[in-house]
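Mentor: Here's a structure to go through together. Have a look at it, then ask me whatever comes to mind.

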Amino acid sequence: MAEKLIEIKNLKQYFNVGKPNMVKAVDGVTFDIYKGETLGLVGESGCGKSTTGRTIIRLYEATGGQVLFNGENVHGKKSKAELKKFNRKMQMIFQDPYASLDPRMTVADIIAEGIDIHGLAKSKKERMERVYELLETVGLNKEHANRYPHEFSGGQRQRIGIARALAVKPEFIIADEPISALDVSIQAQIVNLLKKLQREKGLTYLFIAHDLSMVKYISDRIGVMYYGKIVEMASSDELYENPVHPYTKSLLSAIPLPDPDYERTRVRKIYDPSQHQYGPEDKVELREVAPNHLVLCSEREFEQYKKEYEKK
Amino acid sequence: MEKLLEVKDLQISFQTYGGDVQAVRGVSFDVFKGETLAIVGESGSGKSVTAQSLMKLIPMPPGKIIGGQILFEGEDIVTKTEKEMEHIRGKEISMIFQDPMTSLNPTMRVGKQIAEVLIKHQNMPKADAKKRAVELLHQVGIPMPETRVKQYPHEFSGGMRQRVMIAIALAANPKLLIADEPTTALDVTIQAQILELMKKLQKQTNTSIIFITHDLGVVANVADRVAVMYAGKIVETGTVDEIFYDPRHPYTWGLLASMPSLESSDHGELAAIPGTPPDLTNPPQGDAFAPRNQYSLAIDFVKEPPIYQISETHFVRSWLLHPNAPKVEPPEIVKKRMRKLPSSFEQAILVKEA
């Protein structure tokens with residue numbers, strides 16, 4: 001595959017450290033994101049998928065581990081200039097298109113905020129031209145520039161959020177549940193737009209969502225998270241066809257499909273974390289069951305999973 | 001099958017500064033005993049307003065029922081007073097909402113919230129109601145119900161709160177349960193549990209359910225019949241098989257086509273429905289879906305399409321079924337799921353509207 005854009009090494013994000021209510025939201029996550037790909041991150045609410053995204057972009061200071069962007073560490077002490085450089089390369093699209101746009105700013109100012117901060121436009125004219133261009137890229141038009149967020153529908157607002165992210169010409173975009181708040185007919189529009197932008201601009205995405213069918217559709221590879229850990233990671237088709245970890249199986253078996261015949265016969269698999277029975281001597285880590293298909297397991301489970309896999 | 005609820009030409013509007021929003025524009029449907037009717041549609045299609053009007057939960061003003069009837073066991077709900085409604089709400093018809101946190105009282109113990117229903121509607125003595133509350137919690141699958149009844153809603157997780165809501169809703173053995181997006185806020189694994197629970201309880205009690213959702217996967221799982229709503233009107237109704245395997249309305253096609261399939265490894269463009277739903281302060285002339293519809297005919301922009309009957313149970317509001325309409329092919333991805341159903345008539349029959 002292509003070169004690595006981002007390497008995440010043993011990333012940890014704990015909250016309330018040292019207090020009795022300490023939460024290990026992200027507990028030692030390691031993975032790479034390649035240039036130009038879409039990596040999907042799925043899991044239930046509270047599994048740490050959003051925290052992972054937010055820690056990568058440095059919205060939280062990581063408790064431990066490293067995030068390398070093009071080989072350089074994102075975290076750690078940094079001068080203002082260095083921080084700015086990273087902020088430009090990484091952008092984020094948020095879940096709630098209502099809460100993530102400042103209601104008192106015009107669309108032009110929202111989109112151009114990044115351009116202003118990074119000094120990407122030399123004149124007012126150039127700034128507005130860039131805004132118009134961005135609006136067009138995301139399927140809105142010039143006239144929208146002077147309006148306020150409340151004048152737009154959810155789908156349109158999400159388009160504004162995407163335009164804002166694109167304004168600073170980033171290489172990497174973290175999309176945290178970008179379509180969850182939208183209607184079905186609008187979701188497809190936004191997903192198509194994200195895919196088109198990726199083709200045209202060679203963007204790399206980290207796509208965080210709980211809607212597994214959309215994640216499968218948009219992602220090249222998918223990581224499944226459970227309680228702050230990645231339990232399985234594989235190419236999206238592989239993950240859906242040959243899930244190995246019992247949690248992945250259970251998650252896949254829970255998705256209702258728009259097919260009544262399938263629904264009548266669907267058997268839901270239940271995941272019980274105690275089934276692993278990891279002892280203190282078990283080394284539980286991500287192991288490669290098949291090429292590029294990683295599963296969190298102990299030595300003993302690894303043998304068992306491999307046998308099961310080969311039988312298929 | 002016996003009809004429990006009959007909605008006839010219901011029209012509801014809301015007064016706003018921008019003018020009257022015609023949220024529901026002539027909706028008719030029936031609910032039979034023991035069945036699950038799913039109402040699907042986007043936000044703003046009027047599905048929640050329709051459901052809330054069945055219990056008269058719409059704030060009036062600004063809301064107003066302009067016309068139509070809601071016959072529950074033959075009696076019209078529209079003309080009932082607030083006092084009379086108190087005997088229907090929670091006893092005859094009850095409701096589960098999308099967000100279990102905002103629909104439970106945060107200052108009241110869960111057990112008391114359940115017992116309240118029993119004391120009010122079944123004149124149960126307090127002690128008995130408390131015992132029954134424990135049983136109900138057990139019935140909806142909450143472990144350790146004896147300790148849980150004494151807890152407050154914030155001590156429960158999202159899925160558990162929704163179970164409590166179901167326990168409250170079913171406490172007085174209602175004949176009709178309205179579930180307004182009950183699983184939208186939940187994770188898939190929890191959603192699957194709640195859906196299983198609802199189906200199990202329905203089997204035991206023979207309650208009819210109106211299930212409102214925009215998730216077609218959930219519809220395929222729970223529904224016996226489906227009504228598809230768009231811009232305040234029902235555009236297609238049929239059994240779950242008819243809607244998923246023989247859809248006839250272009251909007252239903254659009255909904256089915258815009259969902260990626262889990263089985264196929266096709267990563268081509270999704271068939272999105274272009275544009276956005278219309279503004280219902282000034283509903284467009286003719287078919288409200290026409291501007292977003294790639295199959296729209298010239299007449300769609302002028303005249304509201306009539307209803308055509310495809311089978312005993314399948315009704316579609318579209319000009320495409322007119323004998324003189326051009327033959328159109330649904331999108332590829334919808335064609336793949338199409339099959340010939342034995343129940344459909346040789347020819348679509350025009351339904352005369354009153």
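Mentor: Quick vocabulary check before you start: two strands pair if DSSP finds at least two bridges between them. Helices (H or I, at least four residues) and strands (E, at least two) are DSSP runs, numbered from the N terminus. The model is predicted, so local features need pLDDT of at least 70 and side-chain atom pairs count only at pLDDT 80 or more, while totals for chains, interfaces and linings use all residues. Residues are numbered from 1 along each chain as its sequence is written, and chains are lettered from A and ligands numbered from 1 in the order in which they are written.

Trainee: OK, let's begin with the sheets of chain B. What is the order of the strands in the open sheet of 4 strands?

Mentor: Start from the outside. The edge strands are β2 and β5 (75-76) of chain B, and each of them pairs on one side only. Pairing in this open sheet is antiparallel, and reading across chain B the order is β2-β1-β4-β5.

Trainee: How many residues does the hairpin from β1(B) to β2(B) go through?

Mentor: Look at the two strands before the link. β1 (residues 3-16) and β2 (residues 19-32) of chain B are paired antiparallel by 11 bridges, and one pair you can find is Leu10(B), standing opposite Val27(B) in β2(B). The hairpin joins these two strands through 2 residues.

Trainee: And which residue is the bridge partner of Gln11(B) in β4(B)?

Mentor: We're now on the pairing of β1(B) with β4 (residues 63-72) of chain B. These two run antiparallel and are joined by 8 bridges. Find Gln11(B) and look across into β4(B): the bridge partner is Gly67(B).

Trainee: Which residue of β5(B) is the bridge partner of Phe72(B)?

Mentor: Here we move along to the pairing of β4(B) with β5(B), which is antiparallel and has 2 bridges. In β5(B), the bridge partner of Phe72(B) is Glu75(B).

Trainee: On to the other sheet! Which strands stand at the edges of the open sheet of 9 strands in chain B?

Mentor: The order in chain B is β6-β7-β8-β3-β9-β10-β12-β11-β13, and the pairing is mixed. An edge strand here has a single partner strand, so one of its sides has no neighbour in the sheet. In chain B, that describes β6 (93-96) and β13 (349-351).

Trainee: Which residue of β13(B) is the bridge partner of Ile307(B)?

Mentor: β13(B) runs antiparallel to β11 (residues 307-309) of chain B, and 3 bridges join them. Go to Ile307(B) and follow its bridge into β13(B): you land on Val351(B).

Trainee: Which residue takes a positive phi in the hairpin of β9(B) and β10(B)?

Mentor: β9 (residues 225-230) of chain B runs antiparallel to β10(B), joined by 6 bridges. Ala227(B), for instance, stands opposite Thr237(B) in β10(B). The hairpin has 2 residues between the strands, and the one with a positive phi, near 50°, is Ala231(B).

Trainee: Which residue of β12(B) does Thr237(B) stand opposite?

Mentor: Look at the pairing of β10(B) with β12 (residues 315-317) of chain B, which is antiparallel over 2 bridges. In β12(B), the residue opposite Thr237(B) is Phe315(B).

Trainee: How many residues of β10(B) are buried?

Mentor: A residue is buried if 20 or more other C-beta atoms lie within 10 Å of its own, exposed if 12 or fewer, and partly exposed in between, with C-beta atoms placed from the backbone. β10 (residues 233-239) of chain B is largely enclosed by the rest of the structure, because the count of buried residues is 7 of the 7.

Trainee: Over in chain A, which residue takes a positive phi just after α1(A)?

Mentor: First, the helix. α1 (residues 49-56) of chain A is mostly covered, with 7 of its 8 residues buried, among them Lys49(A), Gly53(A) and Ile56(A). Just past its end, the residue with a positive phi of about 70° is Arg58(A).

Trainee: Last one: which helix supplies the largest share of the side of chain B that touches chain A?

Mentor: Two residues are in contact if their C-beta atoms, placed from the backbone, lie within 7 Å. The contact takes 30 residues from chain B and 30 residues from chain A. On chain B's side, α8 (188-205), α9 (216-222), α10 (240-245) and α11 (250-257) each supply at least two residues. The largest share, 5 residues, comes from α9(B).
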